[in-house]
Amino acid sequence: MPKHHETRLLPYTPEQLFDLVADVPRYREFLPWVQAVRVRSDSETEMVADLVVGFKGIRENFTSRVTKERPVRIHVEYVEGPLKYLHNEWRFQPDGAGGCLIDFTVDFAFRSRVFEALAGQVFDRALRKMIGAFEERAAKLYGPVESGISRSSAKSAA
């Protein structure tokens, strides 16, 4: 059951990073493996969305409920799909210098032992690629990170 926790310091405001993460309808534009997005409902505080994710010939639909507490927290709960569970949380805290400390956690398990084994083999690499995609999107929207500004610490468990 893959689990990952990471903190990052980025030179963007909590509001900017919150908006980027909460913009689920645009995930297909920049997140690897996201093939389609359908928003079932959306308000200031909650969204229910379907994502179609494909990887190496495997294509799955996921439905999640996204709880939004602007600009400090986004919490994602699994509703329907191939998982036993999914817990994903983003926390955004001002760093006092105009940037933001992001605290990111994801914990999930597949129902299928085959998918679980596949996920365990590629989890760290896939997660790094997805986190990198969010950082690249932030740079595209808000300007690039200068060398030495982004710091991170990560801990994964499979």
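Buried means under 20% relative accessible area, exposed over 50%, and partly exposed in between. The structure described here is a predicted model.

**Overall architecture**

The chain contains three helices and eight strands. Along the sequence, these elements follow the order β-α-α-β-β-β-β-β-β-α-β. Of the 158 residues in the chain, 41% are buried. The accessible surface amounts to about 9000 Å², and carbon and sulfur atoms contribute 51% of that area. Among contacts with a separation of 6 or more, 52% involve residues 24 or more positions apart.

**Salt bridges**

Side chains of opposite charge can pair when their charged atoms come close. In this model the count comes to 13 salt bridges. Three of them are set out below, each with the distance between nitrogen and oxygen.

| Pair | N to O distance | Relative accessible area of each residue |
|---|---|---|
| Glu6 and Arg8 | 2.6 Å | Glu6 5%, Arg8 18% |
| Arg137 and Glu29 | 3.3 Å | Arg137 9%, Glu29 48% |
| Lys68 and Asp42 | 2.6 Å | Lys68 10%, Asp42 48% |

In the salt bridge between Lys68 and Asp42, Lys68 belongs to strand 4 and Asp42 to strand 2 (residues 34-42), so the pair ties together parts that are 26 residues apart in sequence. Lys68 counts as buried because its relative accessibility is 10%. Asp42, by contrast, has a relative accessible area of 48% and is therefore partly exposed. A further group, made up of Arg38, Arg40, Asp50 and Glu80, is joined into one network by salt bridges that share partners.

The salt bridge between Arg137 and Glu29 has its closest N and O atoms 3.3 Å apart. Arg137 is in helix 3 and Glu29 in helix 2 (residues 27-30), so this pair ties together parts that are 108 residues apart in sequence. With a relative accessibility of 9%, Arg137 is buried, whereas Glu29, at 48%, is partly exposed. Apart from residues up to four places away in sequence, Arg137 touches Leu20, Arg26, Glu29 and Phe30.

For the salt bridge between Glu6 and Arg8, both partners are buried: Glu6 has a relative accessibility of 5%, and Arg8 has a relative accessible area of 18%.

**Surroundings of Ile102 and Glu69**

Ile102 is placed in strand 7 (residues 100-110). Its relative accessible area is 6%, so Ile102 is buried. Outside its neighbours within four places in sequence, Ile102 is in contact with Glu6, Thr7, Arg8, Leu10, Leu17, Trp90, Arg91 and Phe92. Glu6 and Arg8, the partners of a salt bridge, are thus among the contacts of Ile102. The C-alpha atoms of Ile102 and Leu9 are 6.2 Å apart in space, although these residues are 93 residues apart in sequence.

Glu69 lies in strand 4 (residues 58-69). A relative accessible area of 36% makes Glu69 partly exposed. Between the C-alpha atoms of Glu69 and Phe18 the separation is 9.0 Å, and the two residues are 51 residues apart along the chain.

**Charge on the surface**

A patch of positive charge on the surface is formed by Lys56, Arg125, Arg128 and Lys129. Lys129, one of these residues, lies in helix 3 (residues 113-142). Helix 3 is also the place of Arg137, which is buried at 9% relative accessibility.

Terms used:
Residues are numbered from 1 along each chain as its sequence is written. This is a predicted model: local features need pLDDT of at least 70, side-chain atom pairs count only at pLDDT 80 or more; totals for chains, interfaces and linings use all residues. Side-chain values use heavy atoms; hydrogens and water are left out. Patches are made of residues with over 30% relative accessible area and no salt bridge: like charges are joined within 9 Å, nonpolar side chains (Val, Leu, Ile, Met, Phe, Trp, Tyr) within 5 Å. Accessible areas come from the Shrake-Rupley method with a 1.4 Å probe; for residues, only the protein chains shown count as cover. A salt bridge is a side-chain nitrogen of Lys or Arg within 4 Å of a carboxyl oxygen of Asp or Glu. Lys and Arg count as positive and Asp and Glu as negative; His and the chain ends are not counted. The place of a charge is taken as NZ of Lys, CZ of Arg, CG of Asp or CD of Glu. Helices (H or I, at least four residues) and strands (E, at least two) are DSSP runs, numbered from the N terminus. Buried means under 20% relative accessible area, exposed over 50%, partly exposed in between (1.4 Å probe, protein chains only). Contact means heavy atoms within 4.5 Å.
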